[in-house]
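Here is a briefing on charged and polar side chains. Keep the sequence and the 3D view at hand while reading.

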Amino acid sequence: MIVSQVRLRNWRNFQTAVARLGQRMFLVGPNASGKSNFLDVFRFLRDIAMPGGGLQKAVGDRGGLSKIRCLAARRDPVVSIEVSFSESAGLEPIWKYEIGIRQEPRGKRQPRIEYERVWQGKKNLLQRPDRHDKEDPARLTQTHLEQINVNRDFRQIVEFLESTVYLHLVPQLLRYPDAFAGPGVPTDPFGRSFLERVVKTPEKTRRSRLRKIEAALQTAVPQLKQLTDTKDEMGIPHLEAVYEHWRPHAGKQREDQFSDGTLRLIGFLWSLLDGDSLLLLEEPELSLHSGVVRKLPALISKIQSRKKRQVMLSTHSVDLLSDAGIGGEEVLLLSPSTEGTRVENCSDIDGVRTLLESGLTIADAVVTRTEAKGVSQLSLFDAS
């Protein structure tokens, strides 16, 4: 199952937005156009559905509804999200979930549900507010996604959303987790506990994945061999590999000696292999050589041919978007304006579609559209 369409109103950068989604999606646009905020839609729904989460926590973690509501919303107080789920791209939805949220005008000013609806095909399974909500309005501070006693009929949606994975691995966090004081971020999106997740994987599966990652790594870092996991004398998990050099006996290195690019590539490959839930990635090209970046789309597609995992990623990389196998329907172009960011499937943009049909790549047809107006003036920056 994949998310096949999303419809937004007053969500962060987006006053209104509708986007068709497929098995593999690339988000492109200028800085501050809302690529991360678009991905955060699915993190937000996950945070509502997951154990220990819920609507109040999901909104609170984002600074309150006033921080979520689009600045272009004007007098419309409701933030709404609608997601459709299909077996694969292009098929009719088998599920649809809709939620509208507004802030209480007085009192505790908590976020409350304006409406919550669930459809299975054309059958309406949930329509809120209902009679019970009207009798007890405090019920509207919680969604049915977060209440196991009432979501049995649509628990497939709940399980899909709560299994969503977001990764934007920060190599410094992985190398030196103890140097960053305080509790970690829930769901560990930046990889602070990445090694703990690796060693908790059943041994047979873990060894198999590391062998596959090692084989892929050797094309990018040919000196690095025998990638494995290990523990030090304190029981702390590590990644370890043999690094060949001019001496006859190669030396072993741990993750604190790996390059940023090596660590990010390991995290990227592990995440692709780890499960079949929705995977959200932020700029996976960071720290990687352009020759490696050009292979990432094909690598995602190859793994998806065996694991039907939906992958959405944001990118600024010309090299990544130069892959001729990326279709216009797989790319969302985000274009900011004073009325909020516009979201378009590139296959729906006449000028882009014409260029793609003539044999150009997404990089050729779209990247120039993502440059901010006046960016050429940056070279005139006065450093005196």
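The points below cover salt bridges, one histidine contact and one charged surface patch.

This is a predicted model. It holds 29 salt bridges. Among them are three pairs described here one by one. A network of linked residues and a positive surface patch are also described.

**Salt-bridge pairs**

- Arg128 and Asp133 form a salt bridge through their side chains, with an N to O distance of 3.0 Å. Both partners are buried.
- Glu240 and Arg254 also meet in a salt bridge, at 3.7 Å from N to O. This pair links distant parts of the chain. Glu240 lies in strand 10, and Arg254 lies in strand 11, which spans residues 251–254. The two residues are 14 residues apart.
- Glu240 has a relative accessible area of 16%, so it is buried. The cut-off for buried is under 20%.
- Arg254 counts as partly exposed because its relative accessibility is 27%.
- Lys96 pairs with Glu98 in a salt bridge, and their closest N and O atoms are 3.9 Å apart. That falls within the 4 Å limit for a salt bridge.
- Lys96 is partly exposed, because its relative accessibility is 25%. Glu98 has 9% relative accessibility and therefore counts as buried.

**Salt-bridge network**

- Which residues are linked in a network of salt bridges? They are Arg12, Asp40, Arg43, Arg46, Asp47 and Arg62.

**His238 in strand 10**

- His238 sits in strand 10, which covers residues 237–243. Glu240 is placed in strand 10 as well.
- Is His238 buried or exposed? His238 counts as buried, because its relative accessibility is 13%.
- The His238 side chain makes a polar contact with the side chain of Asp232, at 3.0 Å.

**Positive surface patch**

- Arg211, Lys212, Lys302 and Arg306 form a positive patch on the surface.
- Where is Arg306 placed? Arg306 is in the loop between helix 11 (296–304) and strand 13 (311–314).
- Arg306 has 52% relative accessibility, so it counts as exposed. The cut-off for exposed is over 50%.

**Recap**

- Buried residues include Arg128 and Asp133, Glu240, Glu98 and His238.
- Partly exposed residues include Lys96 and Arg254.
- Arg306, a member of the positive patch, is exposed.

Note on methods. Residues numbered from 1 in each chain as written. Predicted model: local features only at pLDDT ≥ 70, side-chain atom pairs only at ≥ 80, totals over all residues. Heavy atoms only, no water. Patch = residues over 30% accessible without salt bridge, like charges linked within 9 Å, V, L, I, M, F, W, Y side chains within 5 Å. Areas by Shrake-Rupley, 256 points an atom, 1.4 Å probe, with all protein chains shown as cover. Lys, Arg positive; Asp, Glu negative; His and termini not counted. Charge placed at Lys NZ, Arg CZ, Asp CG, Glu CD. Helix = DSSP H or I, 4+ residues; strand = E, 2+ residues; numbered from the N terminus. Buried < 20%, exposed > 50% of the residue type's maximum accessible area, 1.4 Å probe, protein only. Polar contact = N/O pair within 3.5 Å; in protein donor to acceptor, adjacent residues only side chain to side chain.
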